[in-house]
Amino acid sequence: MEKTIPVDSCQYFNEAMETMTRAEIEALQLQRLQATVEHCMQSPFYKKRFEENGLKPSDIKTLDDLRKIPFTTKQDLRDTYPFGIASTPLRNCVRLHSSSGTTGNPTVILHTQKDLDEWANQVARNLWMVGLRPDDVFQNSSGYGMFTGGLGFQYGAERLGMLTVPAAAGNSLRQIKFITDFGTTALHAVPSYVTRLYEVMKDNGVDPRKDTKLKVLAIGAEPHSEEQRKRIEDMMGVKAYNSFGMSEMCGPGVGFECKEQNGLHFWEDYYIVEIVNPETLEPVPDGEIGELVLTTLCREAMPLLRYRTRDLTRVLGRNCPCGRNHVRIDRMRGRSDDMIVLRGVNIFPIQIEKILMQFPELASNYLITLTTDEDNDNMTVEVELEELFTDDYHRLLELEHNIRRALKDEILLTPHIKLVPKGSLPVSEGKAVRVVDKRKVYQ
Ligand code: ADP
Ligand code: ZN
């Protein structure tokens, strides 16, 4: 029997939605924003917020009126834990996800069946955009469970009609066996895991170009540099597309690169995208880095208005040679809370990664450690060597020197460099841990 794509999802592969003009996008957004704000009055949290600010849903007459609405923060989600921000009674919700919550209450995200359907459509749209079709075999190496990368990609890939393999995280040998035995053509993985998988392939005599049918990688969930992407593409011999998502916005599917690979298309029929200065909270002009703020437009259980993601990025453009006019967003620099402040200098781990990846002698795994030595704060960058040449002391010293100099040019500080054998730094199953802060905190 022919595999058929579910009828209700066909419209999401319809070019009309993706290639709307800016005017059409904005008209649709206003209509959906008004409906969302109206719906938010079912949420005890938003109802109170609106009343406290003397706001009524009818005050939202234009898209610019969005700026009258106060921001929603992660703290608001924690304060209303577990269900206080929802706009739909619990009995209408069918799924709950939760993000890690390292400090204080975790955050809870609720979904109705309609939310889950829309989410699957969103993910399917992205996978379709990069050329995947029902004949493809999609393997998902995300952790399943509370982490949205698991079920999010599972349902999206199934919605598109692909044979979908819920391989889940870890167990690289099994992962590789599935890729070769099932003829996997598309793999979703965090970027740090792809490099690990490649190493295991190499150690086991598997050449991804010759021995697999892989043609597309979806990489995301953690910040990574353009240089890291290029490395991944060269290693695996396939295109790697950047995928952005966050639990509060549903999960994966919020933004994805098209075949042009010139930024992530953020889907403006689902979200209103703002970039604001994180201090003044005023909008920044296109091209300028600021904090990404998102408003959901299609969510039923838990719409969020002007949610401060803490991710730092910028608008690259509002059209694209691919024909889509949904805003193009630059790869994330990281979250504002990932920023390292060392001796008054602001540094993002991704800046360090970008430099390290330019040295072919270096492998992809690295770790930044911050310490206080005799009252001075210091940074040590440990990075794995692609091949061990410890016998060539002069070459090692020269390499260290060159890395130090290149890093100094980028981050304006001189870190200690430690070249370590491949495989000696820790690898995490989910998102990579890039920074360990052991500094003394002076009160
Ligand atoms: P948690 O908050 O527990 O990490 P999420 O999966 O909700 O769980 O994490 C979402 C965050 O992950 C985003 O806010 C962003 O910081 C990061 N992220 C997701 N996708 C990307 C990506 N493609 N590039 C960079 N960072 C990403
Ligand atoms: Zn495009």
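Trainee: How many salt bridges does the rule find across the interface of domain 1 and domain 2 in this model?

Mentor: In this predicted model, the rule finds two salt bridges across the interface of domain 1 and domain 2. The domains themselves are assigned as residues 1-337 for domain 1 and 340-437 for domain 2, and the contact between them takes 22 residues from domain 1 and 20 residues from domain 2. Their centres, taken over C-alpha atoms, are separated by 30 Å, and the two domains bury about 1,600 Å² between them, with 53% of that area on carbon and sulfur atoms.

Trainee: What makes the pair of Lys 202 and Glu 386 a salt bridge?

Mentor: The rule asks for a side-chain nitrogen of Lys or Arg within 4 Å of a carboxyl oxygen of Asp or Glu. The N to O distance for Lys 202 and Glu 386 is 3.8 Å, so the pair meets the cut-off of 4 Å. Applied to the model, this rule gives a count of 33 salt bridges.

Trainee: Why is Glu 226 with Arg 331 counted under the rule, and what does the pair tie together?

Mentor: The closest N and O atoms of Glu 226 and Arg 331 are 2.9 Å apart, which is within the 4 Å that the rule allows, and the pair is therefore counted. Glu 226 lies in helix α11 (residues 226-236), whereas Arg 331 lies in the loop between β14 (328-329) and β15 (334-335), so the salt bridge ties together parts that are 105 residues apart in sequence. Through shared partners, salt bridges join Glu 226, Arg 229, Lys 230, Glu 257 and Arg 331 into one network.

Trainee: Are Glu 226 and Arg 331 buried, partly exposed or exposed, and how do you know?

Mentor: Buried means under 20% relative accessible area, and exposed means over 50%. Glu 226 has a value of 28%, which lies between the two limits, and so Glu 226 is called partly exposed. Arg 331, at 14%, falls under the lower limit and is therefore called buried.

Trainee: Which parts of the chain are linked by the salt bridge of Asp 76 and Arg 49?

Mentor: The side chains of Asp 76 and Arg 49 meet with an N to O distance of 3.2 Å. This pair links distant parts of the chain, with Asp 76 in helix α5 and Arg 49 in helix α4 (residues 44-52), 27 residues apart. Both Asp 76 and Arg 49 are buried.

Trainee: Why is Phe 71 called buried, and which residues is Phe 71 in contact with?

Mentor: The relative accessibility of Phe 71 is 14%, and because buried means under 20%, the label follows. Phe 71 is found in the loop between α4 and α5. Leaving aside neighbours within four places in sequence, the contacts of Phe 71 include Arg 49, Asp 76, Val 276 and Leu 281. The C-alpha atoms of Phe 71 and Tyr 307 are separated by 5.9 Å, although these residues are 236 apart along the chain.

Trainee: What is said of the phi angle of Leu 281, and why is Leu 281 not simply called buried or exposed?

Mentor: Leu 281 is not a glycine, yet has a positive phi of about 65 degrees. The residue lies in the loop between β10 (271-276) and β11 (290-296). At 25% relative accessibility, Leu 281 is neither under 20% nor over 50%, so the term is partly exposed.

Trainee: How does Glu 374 fare by the rule for exposure?

Mentor: Glu 374 has a relative accessible area of 78%, which is over the 50% limit, and Glu 374 is therefore called exposed. Glu 374 also has a positive phi, of about 45 degrees, although it is not a glycine, and its place is in the loop between β18 and β19 (376-385).

Trainee: What makes Leu 90 eligible for a nonpolar surface patch?

Mentor: A patch residue needs over 30% relative accessible area, and the value for Leu 90 is 43%, so Leu 90 passes that limit while counting as partly exposed. Together with Phe 83, Leu 96 and Met 146, Leu 90 makes a nonpolar patch of about 330 Å².

How values were computed
Residues are numbered from 1 along each chain as its sequence is written. Chains are lettered from A and ligands numbered from 1 in the order in which they are written. This is a predicted model: local features need pLDDT of at least 70, side-chain atom pairs count only at pLDDT 80 or more; totals for chains, interfaces and linings use all residues. Side-chain values use heavy atoms; hydrogens and water are left out. Patches are made of residues with over 30% relative accessible area and no salt bridge: like charges are joined within 9 Å, nonpolar side chains (Val, Leu, Ile, Met, Phe, Trp, Tyr) within 5 Å. Accessible areas come from the Shrake-Rupley method with a 1.4 Å probe; for residues, only the protein chains shown count as cover. Buried means under 20% relative accessible area, exposed over 50%, partly exposed in between (1.4 Å probe, protein chains only). Helices (H or I, at least four residues) and strands (E, at least two) are DSSP runs, numbered from the N terminus. Domain bounds come from an automatic or database domain assignment. Contact means heavy atoms within 4.5 Å. Buried area is the accessible area (1.4 Å probe) that two parts lose on being put together, summed over both.
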